[in-house]
Amino acid sequence: MNRRVHTILTAATAVALSAALAGPAVAAPPTGGHDATRQAMRAAVADGVPGVTVQVRQGHGTWAATAGVGNLKTGEPRSTRDHYRVASITKTFVATVVLQLEAEGRLSLDDTVEKWLPGVVRGNGHDGREVTLRQLLNHTSGIFDYLEDPGFQRTYMTADGFMKHRFDEVKPEELLAHALANEPYFAPGRSFAYSNTNYLLAARVIEKATGNDYGDEIDRRIIAPLHLTSTSVPTTRVTLPRPGSRAYSKLARTDTGPTYDVTELNARLAYGSGQMVSSSADLNRFYSALLRGRLLPPEQLKEMKTTVPSSRDTSRYGLGLVDRKLGCGVHVWGHDGGIFGSNSDAVTTEDGRHSLAVNFNGDWSGSTDAVIEAEFCGT
């Protein structure tokens with residue numbers, strides 16, 4: 001991850017999270033099959049990533065490969081079936097459920113946060129009466145990102161803080177308090193600023209509108225219908241399902257120093273902004289189904305793909321979905337995500353026919369961008 005758009009990364013990358021993907025145009029298969037992709041995976045390992053797992057779905061066929069190791073102690077390789085924490089990729093799932101609720105007439109994207117969470121977003125210039133659900137989903141709310149709060153960073157993102165608090169049960173209200181202790185970035189609708197607080201609030205809106213945990217709604221509406229058997233929204237589980245590789249971090253703003261095994265942690269700390277676990281095969285199935293219109297009616301899918309300028313020149317942000325223009329001019333749609341020890345990217349062409357999902361089990365080096373460019377541009 002880098003500050004292009006991530007999730008709940010580690011102090012190694014600091015904070016911020018989520019996106020970097022793109023839109024129209026269908027990619028032609030790169031010359032030489034997936035040789036360029038495999039080369040980019042090896043380059044990531046050479047750059048310091050412990051291990052890489054990738055799956056590509058193209059038409060009715062799939063290709064999967066790994067590089068490097070899943071366990072630094074034993075040398076055990078990564079598996080193409082690995083479960084891993086997908087961090088900010090969770091945001092696309094959350095946005096999909098919100099849009100399904102809109103399609104059912106249970107809420108509107110133009111509803112204010114105040115309507116659903118009265119009195120919750122107040123303080124230091126924040127006012128939920130002025131912020132709409134649409135602005136939460138496309139990061140134009142201006143609400144401060146709780147990951148950037150100095151107190152949050154000291155408590156959870158330093159090496160000492162992580163080791164002490166990695167299993168903490170943190171309530172959404174506590175996370176929100178970290179955000180509201182700071183001033184907003186700007187008045188609602190005036191600009192773009194990636195904020196994990198937006199999706200914490202979106203998850204809470206889902207819960208208010210349905211009476212169920214947001215994770216249960218994701219399970220009922222997306223995971224079960226698509227048969228995503230490796231995908232879950234864990235609550236108290238701190239381990240990864242098998243197969244799963246170990247996850248590693250430097251727990252610092254550097255790519256040097258000791259490497260820590262951070263596999264066990266409570267991802268509830270990320271809540272609706274980045275709590276989920278999945279696999280490359282499931283992510284490809286999800287994004288392909290989403291772009292093909294299997295999860296949303298045309299009106300809501302159009303809303304999701306209506307983008308605003310992001311913090312990156314090569315990408316634009318929709319509603320939990322990023323439109324990214326690659327170096328060869330091809331557009332892909334999807335999201336990226338970073339959390340302690342895990343760096344992931346999942347993208348697909350607009351027709352949903354060519355998809356790629358990649359995961360690094362280290363958070364301080366390598367480029368998932370390079371893997372995507374290699375697959376869709378052959379470079």
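Which helix gives the largest share of the lining of the largest cavity? I shall come to that in a moment, and then turn to a sheet and one of its strands. Please keep in mind throughout that this is a predicted model.

Let me begin with the enclosed spaces. Two cavities of 30 Å³ or more are present in the structure. The largest cavity holds about 90 Å³ of space. It is lined by 13 residues, and those closest to its centre are Phe162, Arg166, Asn266, Leu269 and Phe340. The answer to my opening question is helix α6, residues 159–165, which contributes three residues to this lining. By class, the lining of the largest cavity comprises nine nonpolar residues, three polar residues and one charged residue.

The second largest cavity contains about 70 Å³ of space. Its lining also counts 13 residues, with Tyr84, Leu240, Ser245, Ala247 and Gly341 closest to the centre. Strands β3 (84–85) and β14 each provide at least two residues of that lining. Here the classes are four nonpolar, six polar and three charged.

As a general remark, empty space is revealed by rolling a probe the size of a water molecule over the atoms.

We also have an open space to consider. The largest pocket offers about 320 Å³. Of the 17 residues that line this pocket, Arg242, Pro243, Gly244, Ser245 and Arg246 lie nearest its centre. Its lining consists of four nonpolar, seven polar and six charged residues. Ser245 thus appears in two of these descriptions: among the residues nearest the centre of the largest pocket, and among those closest to the centre of the second largest cavity.

I now turn to the sheet. In what order do its eight strands lie? The order is β2-β1-β14-β13-β12-β11-β10-β9, in an open sheet with antiparallel pairing. At the edges are β2 (61–68) and β9 (308–309), each of which pairs on one side only. In general terms, the strands of a sheet pair through backbone hydrogen bonds.

Within this sheet, I would draw your attention to strand β12, residues 331–339. Why can we describe β12 as largely enclosed by the rest of the structure? The reason is that nine of its nine residues are buried. His331, Trp333, His335, Gly337 and Ile339 point one way from the strand, while Val332, Gly334, Asp336 and Gly338 point the other way; the residues on both faces are buried.

Consider next the neighbours of β12. On one side, strand β11 (residues 322–325) runs antiparallel to β12 and is joined to it by four bridges. Lys325 stands opposite His331 in that pairing. The two strands form a hairpin with five residues between them, and Gly329 in the turn has a positive phi of about 95°.

The other partner is strand β13, residues 342–348, which pairs with β12 in the antiparallel sense over seven bridges. His335 stands opposite Ala346, and Ile339 has Ser342 as its bridge partner. This pair is likewise a hairpin, with two residues between the strands; Gly341, in the turn, has a positive phi of about 80°. We have met Gly341 already, as one of the residues closest to the centre of the second largest cavity.

Finally, what lies across β12 and β13? Helix α10, residues 280–291, lies across both, as well as across β1 (51–58) and β14 (354–360), and runs at about 35° to β1.

Thank you for your attention.

How values were computed: Residues are numbered from 1 along each chain as its sequence is written. This is a predicted model: local features need pLDDT of at least 70, side-chain atom pairs count only at pLDDT 80 or more; totals for chains, interfaces and linings use all residues. Side-chain values use heavy atoms; hydrogens and water are left out. Buried means under 20% relative accessible area, exposed over 50%, partly exposed in between (1.4 Å probe, protein chains only). Two strands pair if DSSP finds at least two bridges between them. On a 1 Å grid over the protein atoms alone, a cavity is a set of points where a 1.4 Å probe fits but cannot get out, and a pocket is an open set with protein on both sides within 12 Å along at least five of seven lines; lining residues have an atom within 4 Å of a point. Grid points are joined across faces, edges and corners, and a volume is the space filled by probe spheres set on the points. Ala, Val, Leu, Ile, Met, Phe, Trp, Tyr, Cys and Pro count as nonpolar, Asp, Glu, Lys and Arg as charged, and the others, Gly among them, as polar. Contact means heavy atoms within 4.5 Å. Axes are lines fitted to C-alpha atoms, for helices over the stretch in contact, and angles run from 0 to 180 degrees between N-to-C directions.
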